[in-house]
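Here is a walk through one structure, from its backbone oddities to its ligand. Keep the 3D view open and turn it as you read.

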Amino acid sequence: MRTYERSKALFERAKGSLAGGVSSEFRKFNQPHALFYTHAQGARIVDADENEFLDFTLSQGPLILGHSHPEVLEKVHQASLEGQLYAAIHLREVELAERVQRIVPCAELVRFSLSGSEADHAALRVARYVTGKQKFIRFEGHYHGWFDNVAWGVGAPSLEAMGARDNPIALPWTGGLPDHSRDESILLPWNDLALVEKTLAARANEVCAIITEPVMCNSGCIEPVPGFLQGLRDLCTKYDIALIFDEVITGFRLSLGGAQAHYGITPDLAVFAKAMANGYPISALVGTKRWMQPIAEGKVVHAGTVNAGNPSVAAAMATLDVLERDQVHVRLHALGNRLKQGLIAAAQAAGQQVLVQSPGPMLHLAFTDLPYARDFRDTLKFDKAKNAKFIYEMQERGVRIIGRGLWYISAAHTEADIDHAVAVAAKVLKQL
Ligand SMILES: Cc1ncc(COP(=O)(O)O)c(C=O)c1O
């Protein structure tokens, strides 16, 4: 049995100053309570009670090279010595934009921000401007940051609460939302092209954009069914509305050029963040000239005092250096597949019905007898209590996974790490 007593005491202390004891809502959701960490290196992280974990959370995805990668730290240090922030342009920032242009298919023009939420916000703003229309289509269970107009339809307590498939109820994700923000989006189930077609046939005159995670990673880890992304592409072209890929998770992770390169579907606008700078704060809104031009001309404003700071840009350059030079994605896919096969075999041996879905460098394990999950509604059928027990028992044995069952793989993980995690899972699955 591990103890978490120091974490517990620190969490109690934190609640006296930080609202709820955390700086981001998601950090509360841990068992037996929010944990404090003191240091991390590569694929390993250590908490305040000196419990060491093999880390598959990677800080919710950004740490694609692992914690505190030496090349990233070195470049950040050098850049910080040169200067931090100039309220002006700097050469490294242009070099990064040129590099993103080269790597990402739709990136004819680029703007940097700090977070995925902000960049999504800017993408929707520019889509409204170009089309002169107000509403966007979004999908159940997808997450596009915490701003008002995207905070509807993110989650649901039950299937019943969601309403009919072809006319979903957009439930608020948080208190404090302005009522009118609900009307900015049209909510649909994901992976159902016929419903998108039907909706656009009736309402295209209201719609400025379709925004989608190209792989649904915020609820399960579900790939688009064959033809779905292409279908969205065709519909957006037909009705002259923006196709926005929210690549905050898939970007630089699924492949160097993100999901758009992986699936060969080019959106009009896309948002990148997490894995871009191995944990330093930077995001990118990218798009074709037509959709980015209003930003270039200042007709649509995008701004930010600390955007593209020298250290963050240096971190992104260093991360991309390593990803490209070492062809990291080949390894990430191989490790991801090894993990997937290992977990499936371990579950079979333990007589547990699980569903493992994964396009490679990220993976979701669910307890369910479903052979396949297609959308958010299917994920509501997963056995959450059993998942919580599994996650906790893995943590007790030194393997840290995101509470909703998502595993991220980094370049710092080795085959031995994957095999170790599978061996631990095999034991836990037998005991469950
Ligand atoms: C797909 C997706 N979009 C947007 C965001 C928001 O990004 P950020 O937390 O950087 O604001 C997230 C965060 O998890 C995400 O997963």
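Where does A308 lie? This is a predicted model, and in it A308 sits in the loop between α9 (289-296) and α10. The residue is worth a click, since A308 is not a glycine and yet has a positive phi of about 55°. Most residues other than glycine have a negative phi, and most peptide bonds are trans. A308 is also buried, because its relative accessible area is 6% and the cut-off for buried is under 20%.

**Around helix α10**

Stay with α10 for a moment. Does its length add up, or what span should its residues give? Helix α10 covers residues 310-325, and at 1.5 Å a residue those 16 residues should span 22 Å; the C-alpha atoms at the two ends are 22 Å apart, so the expectation and the model agree. The helix is mostly covered, with 13 of its 16 residues buried. After α10 comes Q327, with a positive phi near 45°.

Helix α11 takes in residues 328-350, and L335 is found in it. L335 counts as buried, because its relative accessibility is 4%. Pair L335 with V424 and you get 89 residues of separation in sequence, with 16 Å between the C-alpha atoms.

**Other backbone spots to click on**

S68 is another non-glycine residue with a positive phi, here near 45°. You'll find S68 in the loop between β3 (52-55) and α2 (70-82). Is S68 buried, partly exposed or exposed? S68 is partly exposed, because its relative accessible area is 34%, and partly exposed runs between 20% and 50%.

Then there's a cis peptide bond: the one from Q31 to P32, with omega near -5°. P32 lies in the loop between α1 and β1 (37-41).

Helix α1 itself spans residues 5-15, and L10 is placed in it. L10 is partly exposed, given a relative accessible area of 30%. From L10, look across to D246: the two are 236 residues apart along the chain, and their C-alpha atoms are separated by 35 Å.

One more loop residue is P214, between β9 (207-212) and α7 (228-239). P214 is buried, because its relative accessible area is 0%. Its C-alpha atom is 9.3 Å from that of I249, with the two positions 35 residues apart along the chain.

**Cysteines**

How many disulfides does a search of the whole structure find? The count is zero. Take C208: the nearest cysteine sulfur belongs to C236 and is 10 Å away, and C208 is in no disulfide. A disulfide would need the two sulfur atoms within 2.5 Å, so at 10 Å C208 has no partner in C236. C208 counts as buried because its relative accessibility is 0%. Seen from the other end, C236 is in no disulfide either, and its nearest cysteine sulfur is that of C208, 10 Å away. C236 counts as buried too, because its relative accessibility is 1%.

**The ligand**

Now swing over to the ligand. Which residues come nearest to it? There are 13 residues around the ligand, and G116, S117, N218, D246 and K274 come nearest. That puts D246, the far end of the L10 distance, among the nearest residues here.

Helix α4 (residues 116-131) gives the largest share of this shell, with three residues. By class, the shell has three nonpolar, six polar and four charged residues.

Three polar contacts can be picked out by hand:

| Residue | Protein atom | Ligand atom | Distance |
|---|---|---|---|
| S117 | polar side-chain atom | oxygen | 2.6 Å |
| Y143 | backbone N or O | nitrogen | 3.1 Å |
| K274 | side-chain N or O | oxygen | 2.9 Å |

On its own the ligand has 390 Å² of accessible area, and the protein covers 83% of that. S117 and K274 each reach a ligand oxygen through a side-chain atom, whereas Y143 uses a backbone atom to meet a ligand nitrogen.

Terms used
Residues are numbered from 1 along each chain as its sequence is written. This is a predicted model: local features need pLDDT of at least 70, side-chain atom pairs count only at pLDDT 80 or more; totals for chains, interfaces and linings use all residues. Side-chain values use heavy atoms; hydrogens and water are left out. A residue is near a molecule or strand if one of its heavy atoms lies within 4 Å of it. A polar contact is a pair of N or O atoms within 3.5 Å; within protein, one must be able to donate a hydrogen and the other to accept it, and residues adjacent in sequence count only if both atoms are side-chain atoms. Accessible areas come from the Shrake-Rupley method with a 1.4 Å probe; for residues, only the protein chains shown count as cover. Helices (H or I, at least four residues) and strands (E, at least two) are DSSP runs, numbered from the N terminus. Ala, Val, Leu, Ile, Met, Phe, Trp, Tyr, Cys and Pro count as nonpolar, Asp, Glu, Lys and Arg as charged, and the others, Gly among them, as polar. The expected span of a helix is 1.5 Å times one less than its number of residues. Buried means under 20% relative accessible area, exposed over 50%, partly exposed in between (1.4 Å probe, protein chains only).
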